[in-house]
Amino acid sequence: YQRRVHGDSQISEMEKAILSKEEKEALKKNLTDTMEGGIDSVIDGDYNQGEASKKGNVLAKDLVASFQKINPQCKYIVTCTIMPKSDAGLNISSACFWDKTNDWNIVVQKDGVHTHCIINTFILPLIQSKSIPTSIFMTLPIELSLIHI
């Protein structure tokens with residue numbers, strides 16, 4: 001699709017599918033296991049608003065670092081939502097420019113005794129087209145809005 005942006009309507013097979021279906025499934029399992037392992041440290045114990053923010057920031061940064069070690073050929077965008085268990089609702093919305101062929105996401109939700117935690121990870125393979133300079137990769141404008149009720 002990058003070539004289309006630059007006027008050429010033909011896309012090579014290599015650009016259509018960066019990861020094979022098997023590679024994508026193996027990577028998805030590995031990333032999901034990593035997310036589920038990290039989430040346990042966040043939901044243990046009582047909910048504390050001040051600590052929740054710190055824990056969420058640390059978890060998101062640690063996950064990105066871990067994902068880069070697992071597969072450095074992708075970009076990772078991680079959001080971490082931590083909130084106390086209650087009857088209150090939560091609405092999380094996001095919008096982005098998406099390539100359904102190569103881009104994907106994983107959502108992991110886990111509940112502790114007093115805490116809900118939702119981690120959303122967007123995975124974007126670094127696509128490098130021969131028709132554009134090597135310093136330019138796919139860009140992803142993202143808009144996230146979070147409403148706590």
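Two strands pair if DSSP finds at least two bridges between them; helices (H or I, at least four residues) and strands (E, at least two) are DSSP runs, numbered from the N terminus. The model above is predicted, so local features need pLDDT of at least 70 and side-chain atom pairs count only at pLDDT 80 or more, while totals for chains, interfaces and linings use all residues. Residues are numbered from 1 along each chain as its sequence is written, and side-chain values use heavy atoms, with hydrogens and water left out.

**Exercise 1. Work out the strand order of the sheet and find its edges.**

Step 1. Start with β1 and β4 (residues 115-125): they run antiparallel and are joined by 11 bridges. One pair to look for is Ile82 with its bridge partner in β4, Cys117.

Step 2. Now add β3: the three strands form an open sheet in the order β1-β4-β3, with antiparallel pairing.

Step 3. β1 (74-84) and β3 (104-111) each have a single partner strand, so each stands at an edge with one side lacking a neighbour in the sheet.

**Exercise 2. Place helices α3 and α4 on the sheet.**

Step 1. Contact here means heavy atoms within 4.5 Å. Angles run from 0 to 180 degrees between N-to-C directions, with axes as lines fitted to C-alpha atoms, for helices over the stretch in contact.

Step 2. Helix α3 (residues 21-43) packs on the sheet and touches β1, β3 and β4, its direction making about 30° with that of β3.

Step 3. Helix α4 (residues 49-70) lies across β1 and β4, at about 155° to β1.

**Exercise 3. Is Thr32 buried or exposed, and what does Thr32 touch?**

Step 1. Find Thr32 in helix α3.

Step 2. Buried means under 20% relative accessible area, exposed over 50%, partly exposed in between (1.4 Å probe, protein chains only). Thr32 has 17%, so Thr32 is buried.

Step 3. Not counting residues up to four places away in sequence, Thr32 touches Ile106 and Val108.

**Exercise 4. Trace the largest nonpolar core.**

Step 1. Such a core is a set of buried Ala, Val, Leu, Ile, Met, Phe, Trp, Tyr and Cys residues joined through side-chain atoms within 4.5 Å.

Step 2. The largest one has 21 residues, and Leu31 and Ile119 have the most contacts inside it. Two or more residues come from each of α3, α4, β1, β3 and β4, and α3 gives the most, with six.

Step 3. Finish at Ile119: leaving aside neighbours within four places in sequence, its contacts include Met35, Ile39, Leu59, Leu63 and Val78.
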